[in-house]
Amino acid sequence: MDIKGSAALVTGANRGIGRAFARGLLEHGAAKVYAGVRDPAHGVDEGLTPLRLDVTEPEQVAEAAAIAGDVSIVINNAGVGGTGTELLAGGFEGARQAMEVNYFGTWAVSRAFAPILARNGGGALVNMLSLASWVGQPDFPGYAASKAAQWSLTDALRQALREQNTLVVGVHAGFVDTDLSAWVDAPKITAVDVAEQTMEALANDWLEVLADEETRQAKAALSQPLHAEPGPDM
């Protein structure tokens with residue numbers, strides 16, 4: 001996938017990983033980068049083209065597709081943490097929001113832009129996933145479930161869009177140093193590092209980005225059998 005001279009769209013582009021994706025595309029020669037944000041009035045980085053886009057609003061998704069009909073790269077980055085949903089107590093509001101944004105939002109944008117990518121030669125569709133796509137998370141189960149669903153969706157899109165020559169890339173990372181992970185004290189990779197690895201994947205037609213060692217270990221562990229962890233009476 002040739003980034004230089006391309007037009008691209010990044011959802012959730014006003015901060016964190018989305019902002020790093022948008023800047024990375026420009027630095028690698030993209031001619032135009034649409035910054036999909038819920039409120040363009042709050043501003044986006046210089047050099048980006050602001051585009052109103054709440055991925056949970058069908059009308060806005062359709063309008064964005066009508067405006068950004070020149071894109072050959074779409075990066076589904078918009079996401080929420082689904083905080084407030086505990087595993088064994090409380091309501092499900094946070095988990096439902098995570099599923100609406102992370103899973104259904106990615107699905108809606110992918111549906112809307114797949115014909116555009118086909119018309120423009122195939123291009124690339126990138127989904128920002130997570131280490132949590134593969135590992136259950138008792139502390140944030142709603143987020144992890146939404147990312148697992150998004151991973152399944154990414155694989156389905158990869159199979160479905162192969163015939164139209166669209167490269168579908170899944171980007172997995174553990175904790176990234178953004179507002180979303182500010183609550184946790186753990187090793188973190190930078191958003192710029194995630195973006196740069198993704199640009200490398202696009203340039204080399206790679207299907208997957210495993211952005212840090214913890215994520216690579218989690219992916220490798222998928223092929224291992226499950227073992228019961230010792231309990232207090234074991």
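**Figure 1. Side-chain directions along strand β6 in the predicted model.** L167, V169 and V171 point to one side of β6, while V168, G170 and H172 point to the other. Residues on both sides are buried. Strand β6 spans residues 167-172 and is mostly covered, with six of its six residues buried.

**Figure 2. Pairing of β6 with strand β5.** Strand β5, formed by residues 124-128, runs parallel to β6, and five bridges join the two. Within this pairing, V126 is placed opposite V169 of β6. Between the two strands the chain passes through helix α4 (residues 141-160), and the resulting β-α-β crossover is right-handed.

**Figure 3. Pairing of β6 with strand β7.** Strand β7 comprises residues 208-210 and pairs with β6 in the parallel sense, over three bridges. The residue opposite H172 is L210 of β7. H172 itself is one of the buried residues of β6, and V168 and G170 point the same way from the strand.

**Figure 4. The loop residue S133 and its surroundings.** S133 belongs to the loop between β5 and α4. With a relative accessible area of 5%, S133 is buried, because this value lies under the 20% limit. The side chain of S133 reaches the backbone oxygen of S130 at 3.0 Å. Leaving aside residues up to four places away in sequence, S133 touches K147, A148, W151 and H172. Of these partners, H172 is also the residue of β6 that stands opposite L210 in β7.

**Figure 5. N165, a loop residue with positive phi.** Most residues other than glycine have a negative phi. N165 is not a glycine, yet its phi is positive, at about 65°. This residue is located in the loop between α4 and β6. Its relative accessible area is 57%, so N165 counts as exposed, the limit being over 50%.

**Figure 6. D205, a further loop residue with positive phi.** D205 is likewise a residue other than glycine, and its phi is positive, near 60°. The loop that holds D205 lies between α5 (191-204) and β7. D205 has a relative accessibility of 46% and therefore counts as partly exposed, since this value falls between the limits of 20% and 50%.

Terms used:
Residues numbered from 1 in each chain as written. Predicted model: local features only at pLDDT ≥ 70, side-chain atom pairs only at ≥ 80, totals over all residues. Heavy atoms only, no water. Buried < 20%, exposed > 50% of the residue type's maximum accessible area, 1.4 Å probe, protein only. Helix = DSSP H or I, 4+ residues; strand = E, 2+ residues; numbered from the N terminus. Pairing = 2+ DSSP bridges. Right-handed = clockwise from strand over helix to strand, strands pointing away. Polar contact = N/O pair within 3.5 Å; in protein donor to acceptor, adjacent residues only side chain to side chain. Contact = heavy atoms within 4.5 Å.
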